[in-house]
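Here is a short tour of the fold you have on screen, written to be read with the structure open beside it. Take a moment to rotate the view before starting.

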Amino acid sequence: MAKERVYIYKQYERFWHWTQAFLVLFLALTGFEVHGSFSFFGFEAAADLHNKAAWAFIILTVFTIFWHFTTGEWRQYLPTTKNLKAQAEYYIFGIFRNAPHPTRKTVLVKLNPLQRLVYLSLKILVFPVMVFSGLAYMFYRYQSNGSIQSFELASLEKIAWAHTLGAYILVAFVIVHVYLITTGHTISSNLKAMITGWEEIESDVDDTSQNQDPLKPQKKVISEIPEPGKEDLKKNNFPPNPSKKT
Ligand code: HEM
């Protein structure tokens, strides 16, 4: 199949992605030290660094929300059930049998249905929980008129619980994410694309032009995410047929 070199990740997108990746890892490192899991910076320094990185994360998030809405890129995260099952089956079975990818990446549809669901959950659930529980942690007790005031919170226990659970979810996400990065057309193609912005993708879908308005044809393109050819699937015994030896 013909391949085309396409500029898929814009400059801000790559800056945001790598800065966010660094901050999440750094917040995990310092946060789990505050949690008492290990000692590296020392408790006080870890707490201080955690707070500073948290503010950097909040500022980055504000700019990135703005970027998503001004560029229309937020539409990339609209959830769809189309091909969701096929994508999950691909990751569980097909990938180990060299089955074809059930969905195709294009400039207008960068995320497969499973990625859409997971990234959307991070954006509207996990990150807000981390930010608000973290801010509650920060400002639970504050100085006012020379005395210590506190929020109307029975205790910090539930907040600490939510913040720590979110931290475990993010660490699990990072591990799975790093593995899935290697499952593109070649082992390094996804990584290279997020570094350089350019990726080689199959070009038989005519929506890869740089000049198209990302807002307009989105719906049409989603509905055109091609199903893998029946022959391709049969050839690769996908979904797996236990009676057939591969
Ligand atoms: C912008 C978002 C965040 C804010 C505002 C924030 C803020 C805080 C604050 C104020 C603390 C308490 C530190 C202290 O006791 O001095 C804390 C603890 C912690 N944070 Fe964050 N944090 C954020 C994001 C994250 C992320 C992304 C992770 C992990 C990936 C994380 C992991 C942790 C952990 C594990 C603890 C220890 C919790 C405990 O033992 O109760 N935080 N965070």
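R5 has E200 as its bridge partner in β4, and E4 is matched with I201 of that strand. Both bridges can be looked up in this predicted model. They belong to the pairing of β1 with strand β4 (residues 198-202), which is antiparallel and runs over five bridges.

How well covered are the two strands? Strand β1 (residues 3-7) is hardly covered, with zero buried residues among its five. Strand β4 has two faces: E199 and I201 lie on the covered one, while W198, E200 and E202 lie on the uncovered one. So that you can place the bridges on these faces: I201, the partner of E4, sits on the covered face of β4, and E200, the partner of R5, sits on the uncovered face.

Stepping back, the protein contains eight helices and four strands. Along the sequence they come in the order β-α-α-α-α-β-β-α-α-β-α-α. Of its 246 residues, 16% count as buried. Among contacts with a separation of 6 or more, 73% are between residues 24 or more positions apart.

Now for the helices. Two packed helices are described by the angle between their axes and the distance between the axes. Helix α5 (residues 157-181) features in both of the pairs below.

| Helix pair | Angle | Axis distance |
|---|---|---|
| α4 (residues 113-139) and α5 | about 140° | 9 Å |
| α1 (residues 11-35) and α5 | roughly 135° | within 11 Å |

With its angle of about 140°, α4 is oblique to α5, and their crossing is left-handed. On the α4 side, the contact is made by L122, V126, V129, M130, S133, G134, A136 and Y137; α5 contributes I159, A162, H163, G166, I169, L170 and F173. Sorted by class, this contact has eleven nonpolar and four polar residues, and no charged ones.

What is the relation of α1 to α5? Their axes cross at roughly 135°, and the two helices are therefore oblique to each other. This crossing, too, is left-handed. Here V24, A28, G31 and H35 of α1 meet T164, A167, L170, V171 and V174 of α5. The contact of α1 with α5 divides into six nonpolar, three polar and no charged residues.

One residue to click on is L170 of α5: it takes part in the contact with α4 and also in the contact with α1.

How values were computed: Residues are numbered from 1 along each chain as its sequence is written. This is a predicted model: local features need pLDDT of at least 70, side-chain atom pairs count only at pLDDT 80 or more; totals for chains, interfaces and linings use all residues. A residue is buried if 20 or more other C-beta atoms lie within 10 Å of its own, exposed if 12 or fewer, and partly exposed in between; C-beta atoms are placed from the backbone. Two strands pair if DSSP finds at least two bridges between them. Axes are lines fitted to C-alpha atoms, for helices over the stretch in contact, and angles run from 0 to 180 degrees between N-to-C directions. Angles under 35 degrees count as roughly parallel, over 145 as roughly antiparallel, 65 to 115 as roughly perpendicular and the rest as oblique. A crossing is left-handed if the near helix is turned anticlockwise from the far one by less than a right angle, and right-handed if clockwise. Two residues are in contact if their C-beta atoms, placed from the backbone, lie within 7 Å. Ala, Val, Leu, Ile, Met, Phe, Trp, Tyr, Cys and Pro count as nonpolar, Asp, Glu, Lys and Arg as charged, and the others, Gly among them, as polar.
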